[in-house]
Protein chains: 2
Amino acid sequence: MRREVTLRDVAALAGVSSRTVSNVVNGYANVTERTRQRVERAVQELGYRPNVLARNLARGRSGQIAVVVPYLDTPYFAELLQGIIRAARVQGYNVLIDQTNGDPDHERMLITRGSRELLFDGVIFSPLGLSQEALADRDPELPLVILGERVSDGSFDHVGIDDVAASRQATEHLLDLGRRRVAAIGDQPYPTGEAAQLRTRGFRDAHERRGLPVHEELVIPTPRFNRADGAGATAHLLDLHDPPDAVFCYSDLVALGAIRTLVSRGLRVPEDVAVIGYDDIEDGAYSNPTITTISPDKDMIASTAVERLLLRISSRTPPPGLELRAPHKLVVRESTAGRAAPASGRRASARAGSPMASRPSRTRRD
Amino acid sequence: MRREVTLRDVAALAGVSSRTVSNVVNGYANVTERTRQRVERAVQELGYRPNVLARNLARGRSGQIAVVVPYLDTPYFAELLQGIIRAARVQGYNVLIDQTNGDPDHERMLITRGSRELLFDGVIFSPLGLSQEALADRDPELPLVILGERVSDGSFDHVGIDDVAASRQATEHLLDLGRRRVAAIGDQPYPTGEAAQLRTRGFRDAHERRGLPVHEELVIPTPRFNRADGAGATAHLLDLHDPPDAVFCYSDLVALGAIRTLVSRGLRVPEDVAVIGYDDIEDGAYSNPTITTISPDKDMIASTAVERLLLRISSRTPPPGLELRAPHKLVVRESTAGRAAPASGRRASARAGSPMASRPSRTRRD
DNA sequence: GTAGAATTTTGCAGCGCTGCAAACAGCATG
DNA sequence: CATGCTGTTTGCAGCGCTGCAAAATTCTAC
């Protein structure tokens, strides 16, 4: 490898100090137009490109953030990741991706003091098997933003949608269609299943609000939120003495699995059984039937998470941990509205979760 | 942030030079046991962790490799990625993941001179929309290993399985079951569809070997290798005057889509139509029916790719570009063998592609 | 006991950049 | 014309590590 062009080379050609070249390259404010032009010409001429390694060392930062997700091949995470990468790149940050497979040890390791080697300046984390305790004795110096459901203890930020409200809305949509035996697929009644439990809460709230009973035998737990889970749970539901006429699925993948089982048993969606999903993944807009779903504002989640994390990274004194709510909306498609429904795949109906309400983490939810 | 422990601190405590500490930390050979012990004790005591940033700068390397895939949410890539990450980590390398969405401009940019900023030392690349020309005027200094189908011009390595042989084997399996109207889903008869074309070649070869005619109307092109592509193509096939009795799908996702359509039309798999996939993704071992598939040795592909790339990175004079073939095997499951078939999800039948044949890139294929 | 080879340890310079604070310039004001 | 003020540019040190080659030490053979 031949030697690369350095700041000093550019400085020599432009007749200024290397520090000034640095200022120009980094877009600092106080540089005269004349100087800037001269430097930029020299940069052009020599084909100078900053050496990120040296910059990182001098700045004491790696310029990278880690994003930790349980599964890479889950469309929801893949879509979210795209947004995060985009947002980070705009700020000159690079994204490291880590998949944990939901392994609690792996997850804990990533946020524990001592395990990292300055490879990343902060972490955006979507935990699955992480207990509250593990979160508690994490490296307190590591800037952290958590996605999904987990209430902040004040030392990190949490970004998500209002799962309870969204789930209530989804369930109400089904009830308002006149369905009276609504199933829920995806409950996780154990410590690490917080996100799922919030959705179950919303499901119950909706019934309560409408003055209708929840049919407990129709609330089906699943270990994950996959097609297979949805297919299996639905098979179970259909074997019941009195099967459901609607299903609230805790993810679109679950919904896809559910629909598969329904269709293969000769049932019509939504005529016989209405199905609603969660996440608004791309597949759901092209499936057959297309899926009615809760659509979280993924871009908002991604950009908010990045923004907060970078803020944390650059602050001397850590900012307070916030609960940040991204908006979501109910997108009605064929799996509840039928073929007669909107031609286009996407149609918003109700909007919820104001532009981005934030509040101190102490406050629980309403 | 309080100051971190440095090499010098450890050196002071251990009573040796900082260079010696560096040697110990990096596991260099010539260190007496006594010294090593002393240093290691000091490292322990102070909780020293090397500063990767400084190391990178001094070494002139970033310690990171980039892996570029078209789509992250494709299970095949996600599974391959896991292997690559694992293999790289063992060598002390970190993996940057980049998703291109198959965008040719994005793909070209990543391997073109000047676009990178020393963020990664080399690239493992699974191109989709990349033309031979774009490959030709790439940055010649950037160590590169290509996955999937693309013949090396000698300046980079190529790792993949023998797609023609594998496809032939898959097709022969169907023919040997007595099927006579075998369809193929996934051809891509245009410049960037090389991988698909190789599979089509194998499909034709199999017919030829068995002395049977290819039914041209049963060779269906698809833009991608998704569930939706498989479902759509299969619907088209079933609407034909004389539909197929077996389908060779160019990916397991296509196979899943195909099965979905078949089942929803009331056809039995494999009794009415046998289906075979490609890639051996995890889903296929748990679907209903489970999918017979071509199983590439992903771990071998991953570790070989990493090994070759790191070799390239560390060599002064670039090694010759090799064509590396990982083994594959046919895994027979329910979608061709029926329920009576093996209880376990995985059963190998034939093995192919010797442990890892390599040959100079000039040699085309046999 | 000693020359010479082999092994282990060390010192120094420097990777290319940025933080810091000082130096300098330009300009209006008294 | 000195004074202060804002805005721009500079010099220097040093981020923490490794490459290199020389120095110190140990080993081997005679």
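Here is a short conversation about a predicted model, its two matching chains, a DNA strand and a pair of helices.

Reader: What makes the relation between chain A and chain B that of a two-fold axis?

Author: Chain A can be laid on chain B by a turn of 180° with a shift of 0.0 Å along the axis, and the RMSD is then 0.1 Å. That is the relation of a two-fold axis, so the name fits.

Reader: Which residue of chain A comes closest to the rotation axis?

Author: That is Asp73(A), whose C-alpha lies at 2.0 Å from the axis.

Reader: How do you know that the same surface serves both copies?

Author: Look at the contact residues of chain A: 100% of them recur in chain B. Two residues count as in contact if their C-beta atoms, placed from the backbone, lie within 7 Å. By that rule, 31 residues of chain A are in contact with 31 residues of chain B.

Reader: Which elements of chain A give two or more residues to the side that touches chain B?

Author: They are helix 4, helix 5 (75-90), strand 2 (94-99) and helix 11 (252-264) of chain A. Helix 4 of chain A gives the most, with five residues. By class, this side of chain A has 17 nonpolar, nine polar and five charged residues.

Reader: What makes a residue count as near DNA strand D?

Author: Its C-beta atom, placed from the backbone, has to lie within 6 Å of the strand. There are 25 residues around DNA strand D, and Asn30(A), Thr35(A), Leu7(B), Ser22(B) and Ala58(B) come nearest. Helix 2 (18-25) and helix 4 (52-59) of chain A, and helix 2 (18-25) and helix 4 (52-59) of chain B, each supply at least two residues of this surface. Helix 4 of chain B gives the most, with five residues. The surface near DNA strand D divides into nine nonpolar, 11 polar and five charged residues.

Reader: Why is helix 8 of chain A called oblique to helix 9 of chain A?

Author: Two packed helices are described by the angle between their axes and the distance between the axes. Here the axes of helix 8 (residues 163-176) and helix 9 (residues 194-209) of chain A come within 7 Å and cross at roughly 45°. Angles under 35 degrees count as roughly parallel and 65 to 115 as roughly perpendicular, so roughly 45° makes the pair oblique. The crossing of these two helices of chain A is right-handed.

Reader: Which residues make the contact of helix 8 with helix 9 of chain A?

Author: Among them are Asp163(A), Val164(A) and Leu175(A) of helix 8, and Ala195(A), Phe203(A) and His207(A) of helix 9. The residues of this contact divide into eight nonpolar, four polar and six charged.

Conventions. Residues are numbered from 1 along each chain as its sequence is written. Chains are lettered from A and ligands numbered from 1 in the order in which they are written. This is a predicted model: local features need pLDDT of at least 70, side-chain atom pairs count only at pLDDT 80 or more; totals for chains, interfaces and linings use all residues. Copies are superposed by least squares on the C-alpha atoms of residues with pLDDT of at least 70 in both. Helices (H or I, at least four residues) and strands (E, at least two) are DSSP runs, numbered from the N terminus. Ala, Val, Leu, Ile, Met, Phe, Trp, Tyr, Cys and Pro count as nonpolar, Asp, Glu, Lys and Arg as charged, and the others, Gly among them, as polar. Axes are lines fitted to C-alpha atoms, for helices over the stretch in contact, and angles run from 0 to 180 degrees between N-to-C directions. A crossing is left-handed if the near helix is turned anticlockwise from the far one by less than a right angle, and right-handed if clockwise.
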